[in-house]
Amino acid sequence: MSYAIAESISAATGEVQWNATRNTWREAESPATERVVIALRTQLGSCPTMPDLGVDWASVNKLSTDAPARAEAAVRAGLRRYVDSGAITNLTVRVDVFPARNRMEFDVSFVDPRLSPSTRLRRVTGQV
């Protein structure tokens, strides 16, 4: 049982996931993970009600030599609100850039301190 109830969001599509067995929305295992997924999927400044929500993906040129470092810095800046509030801890970010495929892949791991010790480590992966 989680400390809060949130609907589970697909990191790949951004859609809320359905639990066909229970005929209801699937509950998230970690509400902090859902917040991180939303932030990673949102371009900074594109949310009218929360302009400071999201990651500034537009500032990262995938063809530049410093793209991995810039993307990592952008992800850390986009998730700073959750780190500063204590909603997540032990944030690690890895970004791999594949210029030939015009793609960046990220791997974000963190601890959700509100969960029980055996389920605290969370991981979100995706691509831009």
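Visitor: Which residues of α1 are called buried in this structure?
Guide: In this predicted model, the buried residues of α1 are Pro-31, Ala-32, Thr-33, Glu-34, Val-36, Val-37, Ala-39 and Leu-40, and each is called buried because its relative accessible area is under 20%.

Visitor: What makes you describe α1 as mostly covered?
Guide: The count does, for 8 of the 11 residues of α1 are buried, and those buried residues pack against α2, β4 and β5 (121-127).

Visitor: How do you know whether the span of α2 is close to the expected one or far from it?
Guide: Helix α2, residues 67-85, has 19 residues and reaches 28 Å from its first C-alpha to its last. The expected span is 1.5 Å times one less than the number of residues, which for α2 comes to 27 Å, and the helix is therefore said to be close to expectation.

Visitor: Where in α2 is the kink centred?
Guide: The kink is centred on Leu-79 and amounts to about 50°, a value that stands for the angle between axes fitted to the seven residues ending there and the seven starting there. Leu-79 is also one of the buried residues of α2, along with Ala-67, Ala-71, Ala-74, Val-75, Gly-78 and Tyr-82.

Visitor: What covers the buried residues of α2?
Guide: The elements that cover them include α1 (31-41), β3 (89-98) and β4 (103-111). Just after the helix, Gly-86 takes a positive phi of about 85°.

Visitor: Why is β4 called largely enclosed?
Guide: It is called so because 7 of its 9 residues are buried, which leaves β4 largely enclosed by the rest of the structure.

Visitor: How do you know that β4 pairs with β3 and with β5?
Guide: At least two bridges are needed for two strands to pair. There are 8 bridges between β3 and β4 and 7 between β4 and β5, and both counts therefore satisfy that requirement. β3 and β4 run antiparallel, with Val-95 opposite Phe-106 in β4; β4 and β5 also run antiparallel, with Glu-105 opposite Gln-127 in β5.

Visitor: What lies between the strands in the hairpin of β3 and β4?
Guide: There are 4 residues between them, and in this hairpin Asn-102 takes a positive phi near 55°.

Visitor: What makes you say that Arg-101 lies over the face of Phe-98?
Guide: Arg-101 is placed at 4.4 Å from the ring centre of Phe-98, and a charge must be within 6 Å of the centre, and within 35 degrees of the ring normal, to sit over a ring. The distance is within the cut-off, and the pair is therefore consistent with that description.

Note on methods:
Residues numbered from 1 in each chain as written. Predicted model: local features only at pLDDT ≥ 70, side-chain atom pairs only at ≥ 80, totals over all residues. Heavy atoms only, no water. Helix = DSSP H or I, 4+ residues; strand = E, 2+ residues; numbered from the N terminus. Buried < 20%, exposed > 50% of the residue type's maximum accessible area, 1.4 Å probe, protein only. Contact = heavy atoms within 4.5 Å.
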